[in-house]
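Here are some notes to read alongside the model, written for someone opening it for the first time. Keep the viewer open and hop between the points as you like.

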Amino acid sequence: MRIILINFVLWLIIFPSYGQNNVKIRTIELGLGINHLTKNSEADPKIGFGLAVKKIWFSEKKINLISGLNFEKIKYFDDYIQCGQYCNYKDMKFNIYTFSIPFMLRVNMGNTYKVIIEAGPTFEIIPLKYGKGIEVTYPPASSTTETDISGDFEHDFTDFGANIGLGFLFPVNNLKIIISSTYHNSITSLIQMQHDELAEYLSIKLGFLINY
């Protein structure tokens, strides 16, 4: 299932490029940034990081169409999780790895120096929720034991969400630099393994545009 989804993602990114032969300006945006959870009732959010590769159609226009592939590593700490009648986890550090495909409209305001506003839906794949911490067991007939644990915890595998962003685009020598802030909200799980609180996070990225 995961291989099928990954191949589907790559097809979605590559296929539209074949229809762009008559377009003089083709643009790719590359970005690197940090993220932070903004909503999770149980977690203590930590700073994560992200990477983005975006294909921009109609980049010479005031309104652009954007797709591509985003990667985010989201980090948080949870000091207590009940895992059974006689079991709990404590001091858990979680890293959630996500890949998402955005489909957004971007509005450019200005000429040399531009303010950009963008919004649209996103399809998200979560291949790994890595946790590391301590498992505490306390059966009625024996003493309490603590064991170090780590591994991929059960989690929802795909989400459908939305992004909204605000940024600033400006030239530096021959480069076009973009600083942007994006709010992401996972609206619903598409393949639900068990209940997970859907992620809301804010990411800030620094990137640049490449014309080819």
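1. Start with the cysteines: Cys83 and Cys87 are joined by a disulfide, with 1.9 Å from S to S. The structure holds one disulfide, so if you colour the sulfur atoms, this is the link to look for. Do bear in mind that you're looking at a predicted model.

2. What is the hand of the Cys83 and Cys87 link? It's left-handed, with -85° about the S-S bond. The two ends also sit in different accessibility classes: Cys83 counts as partly exposed because its relative accessibility is 29%, while Cys87, at 10%, counts as buried.

3. Next, the salt bridges, which come to seven in the count. A good one to pull up is Arg106 with Glu29, whose side chains meet at 2.9 Å, N to O. Arg106 lies in strand E5 (residues 104-110) and Glu29 in strand E1, so this pair ties together parts that are 77 residues apart in sequence. Are these two buried or exposed? Arg106 is buried, and so is Glu29.

4. Another salt bridge brings together the side chains of Glu146 and Lys90, again given as N to O, at 2.9 Å. This pair also links distant parts of the chain: Glu146 is in strand E7 (residues 145-152), Lys90 is in strand E4 (residues 87-102), and they are 56 residues apart. Lys90 is partly exposed, with a relative accessible area of 24%.

5. Some of the bridges share partners, and that joins Glu29, Lys54, Arg106 and Glu118 into one network. Try showing those four side chains together, since Arg106 and Glu29 from point 3 both belong to the network.

6. For a pair with some exposure at each end, look at Asp44 and Lys46, whose closest N and O atoms are 3.1 Å apart in their salt bridge. Asp44 is partly exposed at 35% relative accessible area, and Lys46 is partly exposed as well, at 38%.

7. Now follow strand E5 to its neighbours. On one side of the story is E3, which pairs with E5 in the antiparallel sense over four bridges; here Ile66 has Met104 of E5 as its bridge partner. E5 is also joined to strand E6 (residues 114-137) by six bridges, and those two strands run antiparallel. How many residues lie between E5 and E6 in their hairpin? There are three.

8. Arg106 comes up again in that pairing: its bridge partner in E6 is Glu118. Glu118 is also a member of the salt-bridge network with Arg106, so it's worth checking both the backbone and the side chains here.

9. Last, the empty space. The count comes to two cavities of 30 Å³ or more, and the largest has a volume of about 160 Å³. Its lining is made up of 18 residues, with Asn70, Glu72, Thr182, Ser203 and Lys205 lying nearest the centre.

10. Which strands supply at least two residues each to the lining of the largest cavity? They are E1 (27-39), E2 (44-57), E3 (63-84), E9 (175-191) and E10 (200-211). What kinds of residues make up that lining? They divide into nine polar, five charged and four nonpolar.

Note on methods. Residues are numbered from 1 along each chain as its sequence is written. This is a predicted model: local features need pLDDT of at least 70, side-chain atom pairs count only at pLDDT 80 or more; totals for chains, interfaces and linings use all residues. Side-chain values use heavy atoms; hydrogens and water are left out. On a 1 Å grid over the protein atoms alone, a cavity is a set of points where a 1.4 Å probe fits but cannot get out, and a pocket is an open set with protein on both sides within 12 Å along at least five of seven lines; lining residues have an atom within 4 Å of a point. Grid points are joined across faces, edges and corners, and a volume is the space filled by probe spheres set on the points. Ala, Val, Leu, Ile, Met, Phe, Trp, Tyr, Cys and Pro count as nonpolar, Asp, Glu, Lys and Arg as charged, and the others, Gly among them, as polar. Buried means under 20% relative accessible area, exposed over 50%, partly exposed in between (1.4 Å probe, protein chains only). Two strands pair if DSSP finds at least two bridges between them. A disulfide is a pair of cysteine sulfur atoms within 2.5 Å.
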